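Biologist: Before I accept any label on a structure, I want to hear the reasoning behind it. Please take the labels one by one.

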Amino acid sequence: QVQLRESGGGLVQAGGSLRLSCAASGSAFSINVIGWYRQAPGKQRELVAVISSGGNTNYADSVKGRFTISRDNVKNMVYLQMNTLKPEDTAAYYCKARTGPVSGLYYDYWGQGTQVIVSS
């Protein structure tokens with residue numbers, strides 16, 4: 001089992017920056033890929049950025065060049081530095097971790113989310 005706790009959300013003006021943090025506990029050593037997803041009101045949850053245990057990253061096109069994901073495997077933390085924020089970045093941001101494979105199976109864990117509001 002992995003527990004995830006996000007922090008760092010808030011209200012910011014367009015063009016500003018925020019840094020989200022996700023603390024992993026439990027069987028955090030077993031995390032393979034971890035990252036951030038977001039869900040705006042009335043929209044589906046979407047990938048923002050993910051990072052593998054080896055440091056490979058993947059970003060949504062909408063955030064490339066503005067957001068940076070990083071990971072501290074010693075502290076079991078993952079961060080999302082968000083710069084040049086836009087009103088369309090407004091959403092609940094969720095941390096997600098994937099473990100496995102164990103007997104061919106992967107397991108996904110989600111945090112409770114942290115709200116980001118970008119005012120125009």
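The exchange below goes through the labels and the values behind them.

Modeller: One caution to begin with: this is a predicted model.

Biologist: What makes C22 and C95 a disulfide?

Modeller: Their sulfur atoms are 2.1 Å apart. The cut-off is 2.5 Å, so the pair qualifies. By this rule the count comes to one disulfide.

Biologist: Which parts of the chain does the pair link?

Modeller: Distant ones: C22 is in strand β3 (residues 18–26) and C95 in strand β9, with their positions 73 residues apart in the numbering.

Biologist: Why is the disulfide called left-handed?

Modeller: Because the torsion about the S-S bond of C22 and C95 is about -85 degrees.

Biologist: Are the two cysteines, C22 and C95, buried or exposed?

Modeller: C22 has a relative accessibility of 0%, and C95 has a relative accessible area of 0%. Buried means under 20%, so C22 is buried, and C95 is buried by that cut-off too.

Biologist: Why is the pair of Y37 and W110 called edge-to-face?

Modeller: The ring centres of Y37 and W110 are 5.2 Å apart and the planes make 70 degrees. Centres must lie within 6.5 Å and planes over 60 degrees apart count as edge-to-face, so the label follows.

Biologist: Where in the chain are these two rings?

Modeller: Y37 is in strand β4 (residues 31–39) and W110 in strand β10 (residues 105–110), 73 residues apart. Y37 is buried, with a relative accessible area of 15%. W110, at 36%, falls between the 20% and 50% limits and therefore counts as partly exposed.

Biologist: How do you know that Y94 and W110 form an aromatic pair?

Modeller: Their centres are 6.4 Å apart, within the 6.5 Å limit, so Y94 and W110 pair. The angle between their planes is 85 degrees, and the pair is edge-to-face. Y94 lies in strand β9 and W110 in strand β10, so this pair ties together parts that are 16 residues apart in sequence. Y94 is buried, its relative accessible area being 15%.

Biologist: What do Y37, Y94 and W110 form together?

Modeller: One aromatic cluster. The count of aromatic pairs by this rule comes to two.

Biologist: How do you know that R38 and E46 meet in a salt bridge?

Modeller: The N to O distance between the side chains of R38 and E46 is 2.7 Å. The limit is 4 Å, so the pair counts. R38 is buried at 5% relative accessibility, whereas E46 is partly exposed at 37%.

Biologist: What makes R38 and D89 a salt bridge?

Modeller: The closest N and O atoms of R38 and D89 are 2.9 Å apart, within 4 Å, so this pair also meets the rule. The pair links distant parts of the chain, with R38 in strand β4 and D89 in the loop between β8 and β9, 51 residues apart. Both R38 and D89 are buried.

Biologist: Which parts of the chain does the salt bridge of D89 and R66 tie together?

Modeller: The side chains of D89 and R66 meet at 2.7 Å, N to O. D89 lies in the loop between β8 and β9 and R66 in the loop between β6 (57–59) and β7, so parts that are 23 residues apart in sequence are tied together. D89 has a relative accessible area of 1% and is buried; R66, with 10%, is buried as well.

Biologist: What links R38, E46, R66 and D89?

Modeller: A network of salt bridges. By this rule the count of salt bridges comes to six.

Biologist: Why are strands β7 and β8 said to pair?

Modeller: Strand β7 (residues 67–72) and strand β8 (residues 77–82) share six bridges in the antiparallel sense. At least two are needed, so they pair. S70 stands opposite Y79 in β8. The two strands form a hairpin with four residues between them, and N76 in the turn has a positive phi of about 55 degrees.

Biologist: Why is V102 called partly exposed?

Modeller: Its relative accessible area is 48%, which lies between 20% and 50%, so V102 is partly exposed. V102 lies in strand β9 (residues 91–102). With L105 and Y107, V102 forms a nonpolar surface patch with about 280 Å² of accessible area together.

Note on methods: Residues are numbered from 1 along each chain as its sequence is written. This is a predicted model: local features need pLDDT of at least 70, side-chain atom pairs count only at pLDDT 80 or more; totals for chains, interfaces and linings use all residues. Side-chain values use heavy atoms; hydrogens and water are left out. Patches are made of residues with over 30% relative accessible area and no salt bridge: like charges are joined within 9 Å, nonpolar side chains (Val, Leu, Ile, Met, Phe, Trp, Tyr) within 5 Å. Accessible areas come from the Shrake-Rupley method with a 1.4 Å probe; for residues, only the protein chains shown count as cover. Buried means under 20% relative accessible area, exposed over 50%, partly exposed in between (1.4 Å probe, protein chains only). Rings of Phe, Tyr and Trp (its six-membered ring) pair if their centres lie within 6.5 Å; planes under 30 degrees apart count as stacked, over 60 as edge-to-face and the rest as tilted.
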